[in-house]
Amino acid sequence: MSEQFNLEIVSPEKSFLKKDDVTEVVVPAFEGEMGILKDHISIISFLKPGIIKVLSGNEEEKFYVDDGIVEFKDNTLSILTSNIFDIKNSDKTKIQEMIKQAESDLSEQNLDDQKKFIISQKVEVLKSLSLN
Amino acid sequence: MASLDDLKKRISSVKSTQKITKAMKMVAASKLRRAQESAEKGRPYSDKMNNIILNLSNSITDKENSPKLLVGSGDDKVHLCIVMTSDRGLCGGFNTNIIKKAKLYFQKILDEGKILKIVTVGSKGYDQLKRIYKENIIEKISFKESKNVNYFDADKVGKIIISKFEKKEFDVCTIFYNQFKNVITQIPQEQQIIPLKTTESEANSSEDNYEFEPEEDEILNNLLPKNISTQIFKAMLENSASEQGSRMSAMDNATRNAGEMVDKLTIQYNRSRQAAITKELIEIISGAESL
């Protein structure tokens, strides 16, 4: 029996990625990383800034996301996100810019704890990206 | 009757107008294709979003404690209307149709003695509404600088709306935009986004049991603001496709009218030219005869 399921990543502008031979997807869910395999129970969750890992066959792809919602249902994983890019061909200056933006967001006074957590998470992930 | 010179001038001026309208039509046509494409590409996102929210709101049992964005503030006094129009003119009845629809709604609200607040997106809407509803307009937003519709802009509008809602500045929020059907038909729409309206038939179709992580209301709290931005983005996409479609058909009409006018003027020009020649001939002949 095949262990593959469908993956669809959509951003508001377009359908970002569509695959039907994924074996595992790891998403940065709000309450911790979550690996999804075939026949996972139907689930809805949302994402914090982090890295989506998509495994299909021997390939492994990585994407950075700002935020998003994941829905898994009938062996189809849908990820809705407003900001996503491929880590392989991302450009360093853009990441630096995003870090700067996030850091200035962080220095704002009236942030609640959740927002603070999300933004600091973002800075962390982006920094780790810019290093390698 | 106009002199030959005047007619010549008029013909050439109409011709150059025709050139402009023709060029505008071409530009609108190519922009329309792009706008239509992005409207189609944006659809899966908003559809999915809608679906998830439907599923979520169905599984919420405790209606009273569910997020305010979903159920509303429980009041119905202050209405906020987002009127989305274009930033440029010369697009036929595009803006007028939205405004007409919006004005009907405004009238209804004012007649019921409720408070009306307006946010205009796009400068043309503001221009048309400021005469009558000046004191109702609380904000005007325009994206003249950004070439294409992008999510970032929509998110800005969404954030403005949400912050106003959180400050309890309004109870009900409705957006007005043109839905793109085809090049000649655009349907002005009013859509209520706060509180979210779900139609019964849709709501019944999904009976799946989901697992939620974290809890439903927390997801909803996170999702609903995004949904508002998404709805606005969708409206902006539809609007931009409609605008280009409307401009294209308007310019097509204008080009055709200009062509007709040139034909008419040319006939008139030729007639009067001929009349002048005939008159001269008669003068010469009768002059020769009298000798």
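The points below walk through the fold of chain B and then its contact with chain A.

1. Status of the model. The structure is a predicted model, and its overall scores are ipTM 0.76 and pTM 0.83. For chain B the pLDDT averages 86, and 93% of the residues score at least 70.

2. The sheet. Chain B contains an open sheet of five strands, in the order S3-S2-S1-S4-S5, whose pairing is mixed. At the edges stand S3 and S5 (186–194) of chain B, each of which pairs on one side only. From one strand to the next the twist averages 20°. As general background, strands of a sheet pair through backbone hydrogen bonds, and they do so either parallel or antiparallel.

3. Strand S2(B) and its neighbours. S2(B), residues 115–121, is mostly covered, with five of its seven residues buried. On one side S2(B) runs parallel to S1(B), residues 78–84, and seven bridges join the two strands; within this pairing, Leu80(B) has Lys117(B) as its bridge partner. S2(B) also runs parallel to S3(B), residues 137–141, to which four bridges join it, and here Thr120(B) stands opposite Lys140(B).

4. The crossovers. Between S1(B) and S2(B) the chain passes through helix H3(B), residues 94–111, and this β-α-β crossover is right-handed. A right-handed β-α-β unit is likewise made by S2(B), helix H4(B), which spans residues 123–133, and S3(B).

5. The S1, S4 and S5 side of the sheet. S1(B) is joined by five bridges to S4(B), residues 172–180, and these two strands run parallel; His79(B) of this pairing stands opposite Val172(B). The pairing of S4(B) with S5(B) is antiparallel and comprises eight bridges, and these strands form a hairpin with five residues between them. Two of the facing positions in the hairpin can be named: Thr174(B) stands opposite Gln192(B) in S5(B), while Phe176(B) stands opposite Glu190(B) in S5(B).

6. Helices against the sheet. H3(B), which has already appeared as the helix in the crossover from S1(B) to S2(B), lies across S1, S2, S4 and S5 of chain B and runs at about 155° to S4(B). H7(B) lies across S1, S4 and S5 of chain B, and the angle at which H7(B) runs to S4(B) is about 35°.

7. Packing of H3(B) on H4(B). In general, two packed helices are described by the angle between their axes and the distance between the axes. For H3(B) and H4(B) the angle is about 35° and the axes are 10 Å apart, and the crossing is right-handed. H3(B) contributes Asn95(B), Ile98(B), Ile99(B) and Phe106(B) to the contact, whereas H4(B) contributes Lys124(B), Gly125(B), Gln128(B), Leu129(B) and Tyr133(B).

8. The contact with chain A. In chain B, 23 residues are in contact with 21 residues of chain A. Two or more residues on the side of chain B that touches chain A come from each of helix H1 (4–59), strand S6 (211–213) and helix H7 (216–290) of chain B. Of these elements H1(B) gives the most, with ten residues. A reader who follows H7(B) through the structure will therefore meet this helix in two settings, since H7(B) lies across strands of the sheet and also gives residues to the side that touches chain A.

Definitions and conventions
Residues are numbered from 1 along each chain as its sequence is written. Chains are lettered from A and ligands numbered from 1 in the order in which they are written. This is a predicted model: local features need pLDDT of at least 70, side-chain atom pairs count only at pLDDT 80 or more; totals for chains, interfaces and linings use all residues. A residue is buried if 20 or more other C-beta atoms lie within 10 Å of its own, exposed if 12 or fewer, and partly exposed in between; C-beta atoms are placed from the backbone. Two strands pair if DSSP finds at least two bridges between them. A crossover is right-handed if, with the strands pointing away from the viewer, the path from the first strand over the helix to the second runs clockwise. pLDDT is the predictor's confidence in each residue, from 0 to 100. Axes are lines fitted to C-alpha atoms, for helices over the stretch in contact, and angles run from 0 to 180 degrees between N-to-C directions. A crossing is left-handed if the near helix is turned anticlockwise from the far one by less than a right angle, and right-handed if clockwise. Two residues are in contact if their C-beta atoms, placed from the backbone, lie within 7 Å.
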